[in-house]
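Reader: I should like a close look at a single part of this model. Please give one connected account.

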Amino acid sequence: MSDKHRAYPLVDRTEPNLLEDTFDYGLPPRIRFDGPIVEYIDGKPVEFNPADLAARDIVITDTTFRDGQQARPPYTLDQMVHIYDLMAKLGGPNGVIRQTEFFLYTANDRRTLDSCRDLGHKYPECTGWIRADKGDFRLVREAGLSETGILTSCSDYHIFQKMKHKSRKDCLEAFCEVVDAAFEAGVRPRCHLEDVTRADIDGFVLPFCERLLRMSEQVPEHLSAKIRLCDTMGFGVSFPGAMLPRSVPKLIYKLNQQLGVPSDRLEWHGHNDFHKVHANAATAWLYGCDALNATLFGFGERTGNPPLEGALIEYISLRGYLCGIETQVITELADYMRSIGMPIPDHYPLVGRCFNTTSAGIHAGGLRQDERIYNIFDTTALLGRPPRVAITDKSGADGVAHWVNEFFGLKGEHRISKIKMHKLARWVLDQYEQHKRLTSIGDEEMEVKVREFLPEHWKKYGPRSAC
Amino acid sequence: MSNIRDRVVAVTSRVLRLDPGKIRPEHAFASDLGAESVQSIELIAMFEEEFGIEMEEDAALGVQTVGGAADYIAKTCREQGVKVEG
């Protein structure tokens, strides 16, 4: 070994070190930091201390009924009320899911909002969403909402190409007139900086936000303008050192620390066009933005938004405790979404039918010995989803044994030995080797064979649901 | 023991579909005789049936060779009070 490389002698042990400070099986794994993060901004090193997160009231805001609904046919009133009800239960009494936003344009939009509020939940608070049109404040006032999102698009793609403003100044003044109208109406404006990751940050975004700060100084605190950073096309990146306007850390820093927009008035809204949506949103949290805007299961315009359930798990991982979040409701919501025709891919994290299902026999063997080996956390307790094995040609006797014992609900010394299942394991293998089967073996088919090959056990333990 | 070994060879040849004359005590089930995962389980199940015993799964799966299987089965028969010739 050359002198410039460090030597790493083996640290021998006879007992495992399962790193349980980080991987407490009863919770999603902790995200722990060694110390501050350093970013070079405007040529100077800037420190961000992740430990500061503990003192901030980071929250999740929801846009399932707004952006989420732009990606699908409209929900019915009853469906939205049920989803809202479950979302309130999921976020818990501390309001980890702090707000959710509603369209206000149709009579049905307004009836839905009223029906959700009639449930009497404190959280999520209901807010509105309108275009940057002064006349639309009538809708917000009539709905009795205290806060509304306003579309204040900020890239030149939008300012010139879409909205056809004569100049940036013309656009900025128009936006400010709408913000003034919000103040006059006694409604808190939440300015949605659409396309911010493709905008001129120093040339338009910061001057506009500075103007918002000055205007907000003239109104009571509860009306001061909030700023939603909208990564409309998913161009944002979380990597340290990335340049503006794509850098999430730098965007947050410029607004929060250089301009002075408080963290509790900043919100990140992302899109998933480049598979970065969740990491970008969590990065925004880390660098000083308190609100992470999300939708259930990431359903949203085009490629979707940060998945709300993923944000909740991230929240717990960063905090190290549940903070009142009822994680099992994630599964309840996924089941409900499926029941109303929303497709959730089988391998989708946390809620897909196969998210904690393993097919390989060697993995099933690991699960049989200690489920922590191949399960991300206690998915039975936190999501109501025990780890499972799918039966294929790769399952082996271990996979078959795991399936059968899960099916019968047998644990510890009560689990049936795989020796007793040799006929079933043989039947499975023959499906592929003799009959050239190309599909996995479904639960119902397995149940029939368990009854045939393990009649005594069936009589004693079955029938019970395997799912 | 020779009787036990003969019976182990007979079961092994039947499960793995091999000529019994070519199975030797030092042969490893997996690497020499080609036993795959499910066949290892079938072998143990057939040994249990042949000798009327119950084997502990992990210990039985830890046995590597034909001769080792005969020794392990002899020990298990003694422990479980099963009489075998040889």
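At what angle do α13(A) and helix α15 (residues 443-453) of chain A pack, and how far apart are their axes?

Author: The model is predicted, so to speak of its local features a pLDDT of at least 70 is needed, side-chain atom pairs count only at pLDDT 80 or more, and totals for chains, interfaces and linings use all residues. Residues are numbered from 1 along each chain as its sequence is written, chains are lettered from A and ligands numbered from 1 in the order in which they are written, and side-chain values use heavy atoms, with hydrogens and water left out.

Helix α13(A) packs against α15(A), residues 443-453, at an angle of about 90°, and the two axes lie 11 Å apart. Axes here are lines fitted to C-alpha atoms, for helices over the stretch in contact, with angles running from 0 to 180 degrees between N-to-C directions; helices (H or I, at least four residues) and strands (E, at least two) are DSSP runs, numbered from the N terminus. The two helices α13(A) and α15(A) are therefore roughly perpendicular to each other, a term covering 65 to 115 degrees, whereas angles under 35 count as roughly parallel, over 145 as roughly antiparallel and the rest as oblique.

On the α13(A) side the contact (heavy atoms within 4.5 Å) is made by Trp403(A), Val404(A), Phe407(A) and Phe408(A). From α15(A) come Asp443(A), Met446(A), Glu447(A) and Val450(A). By class, this contact has 6 nonpolar, no polar and 2 charged residues, where Ala, Val, Leu, Ile, Met, Phe, Trp, Tyr, Cys and Pro count as nonpolar, Asp, Glu, Lys and Arg as charged, and the others, Gly among them, as polar.

Helix α13(A) also leads to the contact between the chains. That contact takes 12 residues from chain A and 15 residues from chain B. Ile419(A), His422(A) and Arg426(A) supply 50% of the area that chain A buries against chain B, more than any other three residues; buried area is the accessible area (1.4 Å probe) that two parts lose on being put together, summed over both. Between them the chains bury about 1,100 Å², 59% of it on carbon and sulfur atoms.

Chain A and chain B share 3 salt bridges, each a side-chain nitrogen of Lys or Arg within 4 Å of a carboxyl oxygen of Asp or Glu. Glu48(B) forms a salt bridge with Lys420(A), with the closest N and O atoms 3.8 Å apart. On the side of chain A that touches chain B, α13 (396-408) and α14 (422-433) each supply at least two residues. The largest share, 5 residues, comes from α14(A). By class, that side has 4 nonpolar, 3 polar and 5 charged residues.
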